[in-house]
Amino acid sequence: MEQLLEQARRVSDQCEVFFQEQRSDSVSFENGLLKNIESRDQSGISLRLIREGRLGFAYTRNLPRPEELLQNALATLPGGVEARYALPERFVPVDGRAYDPDIENLTNTQLVEEGRRLAAYLGEKTDGQVNLAVYRSVTRVRLLNSRGSDLEWRASNYGAHLSLMYPGSYNAVERSWTAKKFSPVPEELPAFILSLYNASKSKVRPPGGRMKCLFLPETLYALIWRIQSAASGKNIFENISPLKDRVGEKIFSDHLTLIDDPLDSLRPSARGFDDEGTPCTRYPLIEKGALVNYYFDLHYAEKLGVPPSGHGYRTAPWGGEAISTKPRPSLEYLVLEPGRRTFAELLRSLDRGVVVAGALGAHSGNIPNGDFSFGLAPGIYVEGGEIRGVLEEAMVAGNIYDVLRNVEDLEDRVHPAAEGYYPAVLLDGVSVAIGGS
Amino acid sequence: MFPQLEAILAKVEADYADLRYEIKQETIITFNGRELTQVGTNATDGFVLRVLKRGGFSSVTFTREDQAAWAVRTALENAGLLASQVSQPVSLAPVPAREEIFLPLLPEDPRRVPLEEKLELTRRYNEIPYRSSGIATTQTQYAEICREKYFINSEGSRLREDLVTTRLGGTITSRDGTLTQTVRVGGGGSDGFARLRHQDGEFAEKTKIALDLLKAEPVEAGAYNVVLNPDLTGVFTHEAFGHFSEADLIEDAPTMRERLALGALLGNEQVSITDDPTPPGQLGFYRYDDEGVAVRPTALLRQGVLVGRLHSRRTAAAFGEPVSGHCVAEDYRYPPIIRMGTIYLEPGEKSLAELLQDLGDGLYLLNALGGQTSGENFTFGAEYGYQVRGGRQHKMVRDINISGNLYQTLQRITGVGNDLTLSRTGGCGKGQLNVRSCHGGPHVLMEQMVIGGR
């Protein structure tokens with residue numbers, strides 16, 4: 001890597017070498033039985049160089065000939081991709097303590113045993129179909145740049161994902177567990193999905209209309225996706241964000257405080273720098289309903305004339321891989337601050353409403369506008385504070401700038417879910433369409 | 001490459017093993033707005049090893065040749081662990097060993113078109129929307145993905161196939177005050193660069209739709225009778241039905257397997273569905289899947305009756321049904337899984353005008369915006385639509401998301417058009433992306449579809 005950086009330095013104004021390696025093992029159970037074991041070890045390297053305000057970019061898996069990678073990057077310069085930003089200077093990042101060496105001692109046999117234990121626990125207490133996965137991974141990132149940055153980050157991840165499926169479908173209630181090293185999944189996780197599933201086995205078809213909706217953490221990404229879009233420095237620059245020029249303004253309910261917190265070393269994957277080598281900070285986006293910040297990578301920060309916020313990540317939708325992806329503004333460590341009531345209390349407070357337990361097609365609909373409209377997979381119907389059954393064909397729809405004004409309360413704790421740590425959120429007056437033959 | 005692969009495979013002591021090596025070359029050109037944000041060609045490569053031993057079937061992926069010994073050891077250990085735990089040992093359906101080098105003939109091989117020319121074409125299309133006022137931004141991308149695949153297995157198969165996929169398109173976003181509307185634009189295919197030329201009309205037409213949508217009315221939530229255009233019929237066929245034809249999705253879901261037994265009546269007699277990636281020239285074309293099985297046309301639904309399924313060698317053996325050649329990986333980073341190739345609802349007799357007449361009052365919906373399935377339920381969005389009264393098109397509507405239930409919806413197709421059209425872009429994300437996932441159908445009339453509105 002050093003050699004490549006040195007070669008690149010000679011022919012550019014600024015340059016950066018990014019290396020990532022990821023090893024992982026996962027075991028999956030279907031219908032309560034062991035189905036698959038998969039192992040992987042993949043590494044790769046990516047080069048960015050800047051010359052006269054233009055970007056060169058190239059990547060590869062293997063580096064037998066560094067000069068080839070350099071030639072590929074130089075060949076892209078005439079294309080004229082603009083890069084007017086300065087790569088970050090050397091600094092000492094906060095140590096997220098994301099790596100626990102214990103992860104190395106974990107065997108696939110132990111993963112299988114833990115999966116069997118969970119499958120047996122669930123299987124004894126329900127007739128719903130049990131699918132689950134148990135996995136571990138170790139990720140290593142190293143980043144060198146021509147301004148002296150030499151950063152390394154290592155993270156260990158252990159996790160489990162439990163789901164109980166409704167008959168004839170893949171609709172399921174789900175919950176995830178993540179940690180830096182192996183520890184048995186606490187009983188409250190399987191107990192939670194059992195309590196929802198076992199109470200909602202019968203199919204119901206009540207009339208639709210506006211009603212309360214209790215979004216589980218697993219489905220909140222469908223709403224937060226719209227906030228991510230609107231607060232992105234890229235969309236502010238492109239002038240397609242409804243939040244443009246509204247910092248300081250009250251946008252949502254007082255109950256909502258949304259923070260990006262890469263530094264929280266209690267959680268797995270904490271880190272002190274982003275994929276461009278910019279320092280990470282605890283970064284509030286929404287505080288008590290008011291918009292506090294947009295977020296930026298180097299490129300869009302320069303475009304808008306603001307300091308970079310440490311949100312340049314090499315992520316892409318639909319599983320693009322880090323080395324082949326240029327950094328873009330991204331929120332990877334979202335936390336929605338919890339509220340005051342337990343989940344059971346929130347459920348009991350529903351005179352008539354739906355627990356949104358699965359979101360189907362959350363990517364459809366006008367995301368920049370804040371519109372959402374997705375299928376419930378499943379939606380669990382509640383009346384008089386009690387679960388009555390599962391809805392067969394139903395959708396929720398609305399616009400986040402309406403529905404997130406009507407937050408009644410949030411659960412008093414957060415759970416790991418898609419793209420963040422969220423509590424369950426109770427919204428009032430959400431449009432629910434319910435169908436059936 | 002084959003001698004290196006054979007040297008690795010020779011070290012595997014198992015009942016069956018296969019090894020796939022791929023070089024993936026990508027050329028990407030991206031405009032965000034009017035700004036070029038990415039341009040370049042890069043190649044990456046890697047290996048996928050699969051091992052079957054005493055009924056345990058496991059896979060390992062790796063990217064450096066010096067990890068081969070680790071990969072062999074790990075795959076054997078994982079297979080051993082599976083063998084000791086599974087109640088039903090895995091077996092693979094027999095297929096003939098094949099040796100072939102198959103490099104598809106492309107009318108205009110994109111790898112021979114200079115990067116500058118690709119950049120100019122992308123820039124030209126990206127500029128078209130900006131001729132109109134009211135366009136906020138565009139995202140236009142040229143993507144050329146070449147998978148150079150080498151496959152060998154312990155049964156004597158030696159296969160080399162190239163899959164070259166191109167796409168030029170993206171999104172156009174219009175804006176009025178704080179309201180924005182986005183439509184998809186462009187297309188691509190598996191038959192070379194020529195297909196991407198002469199698309200100016202497509203970009204102009206979609207610009208107009210993006211602008212018209214600013215004035216369209218949000219649709220009211222409720223249940224409607226609808227006519228779907230071929231793109232939506234294709235997405236419906238893919239999401240609502242196609243995924244349940246994938247045997248790996250139902251293999252270990254007994255309640256679904258029961259409802260989806262061959263012979264089950266799922267739709268009415270107007271509905272027939274086939275998956276056939278074999279015709280050259282369409283997006284989903286390939287000859288061998290990533291298990292070295294030659295793909296064949298597979299009838300799935302005949303006049304509403306389930307008659308076939310998409311299989312891997314593993315599921316074909318487990319179901320006791322014939323292999324179909326549908327076990328495909330995104331690239332060298334993944335072991336293959338069962339995928340649709342080119343799935344379509346077969347055409348009927350009616351013209352669009354006749355279907356709209358039959359519809360009477362309802363909605364005419366066009367062009368898909370994403371889609372997802374969860375087994376019996378599915379959701380997909382439509383870019384736009386029109387209110388239909390007395391068989392005639394009226395006002396444009398927007399914010400259309402459709403939800404339905406597999407077992408009910410196939411019964412609700414009451415009219416099938418005569419205008420089969422296949423999609424020019426793919427992108428099914430079943431854990432891995434499949435850029436060649438092709439779908440299609442004619443216009444169809446469906447009753448009582450749940451629309452979420454906004």
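A salt bridge here is a side-chain nitrogen of Lys or Arg within 4 Å of a carboxyl oxygen of Asp or Glu. With that in hand, let us walk through this predicted model, starting where the two chains meet.

Across the interface of chain B and chain A, the rule finds five salt bridges. One pairing to look up joins the side chains of A:E321 and B:R333, with an N to O distance of 3.9 Å; this pair qualifies because the cut-off is 4 Å. The interface of chain B and chain A also holds 34 residue pairs in polar contact, both residues being at pLDDT 80 or more. On the side of chain B that touches chain A, strand β2 (residues 35–53) of chain B gives the most, with eleven residues. By class, that side of chain B divides into 29 nonpolar, 40 polar and 16 charged residues.

How far does this meeting of chains extend? In residues, 85 of chain B are in contact with 79 of chain A. In area, about 6,600 Å² is buried between chain B and chain A, and carbon and sulfur atoms give 45% of it. The two chains also share strand pairing: strand β2 (residues 33–51) of chain A and strand β3 (residues 56–62) of chain B run in the parallel sense over four bridges. If you would like a place to look, find A:D41, which stands opposite B:F62 in β3(B).

Now turn to chain A by itself. Its domain assignment gives domain 1 (2–195) and domain 2 (201–437), and the centres of these domains of chain A, taken over C-alpha atoms, are separated by 22 Å. The contact takes 46 residues from domain 1 of chain A and 43 residues from domain 2 of chain A. Between these two domains of chain A, the buried area is about 3,700 Å², with 60% given by carbon and sulfur atoms. Three residues, A:W153, A:Y166 and A:R175, supply 15% of the area that domain 1 of chain A buries against domain 2 of chain A, more than any other three residues.

A:R175 is worth a second look, for A:E218 forms a salt bridge with A:R175, the closest N and O atoms being 2.9 Å apart. Between domain 1 and domain 2 of chain A the count is seven salt bridges, along with 14 residue pairs in polar contact, both at pLDDT 80 or more. Several elements of chain A give two or more residues to the side of domain 1 that touches domain 2, among them β1 (14–30), β5 (150–165) and α4 (188–199). The largest share of that side of domain 1, eight residues, comes from β6(A). By class, the same side of domain 1 of chain A has 24 nonpolar, ten polar and twelve charged residues.

Notes: Residues numbered from 1 in each chain as written. Chains lettered and ligands numbered in written order. Predicted model: local features only at pLDDT ≥ 70, side-chain atom pairs only at ≥ 80, totals over all residues. Heavy atoms only, no water. Contact = heavy atoms within 4.5 Å. Buried area = accessible area lost by both parts, 1.4 Å probe. Polar contact = N/O pair within 3.5 Å; in protein donor to acceptor, adjacent residues only side chain to side chain. Nonpolar A, V, L, I, M, F, W, Y, C, P; charged D, E, K, R; others polar. Pairing = 2+ DSSP bridges. Domains from an automatic or database assignment.
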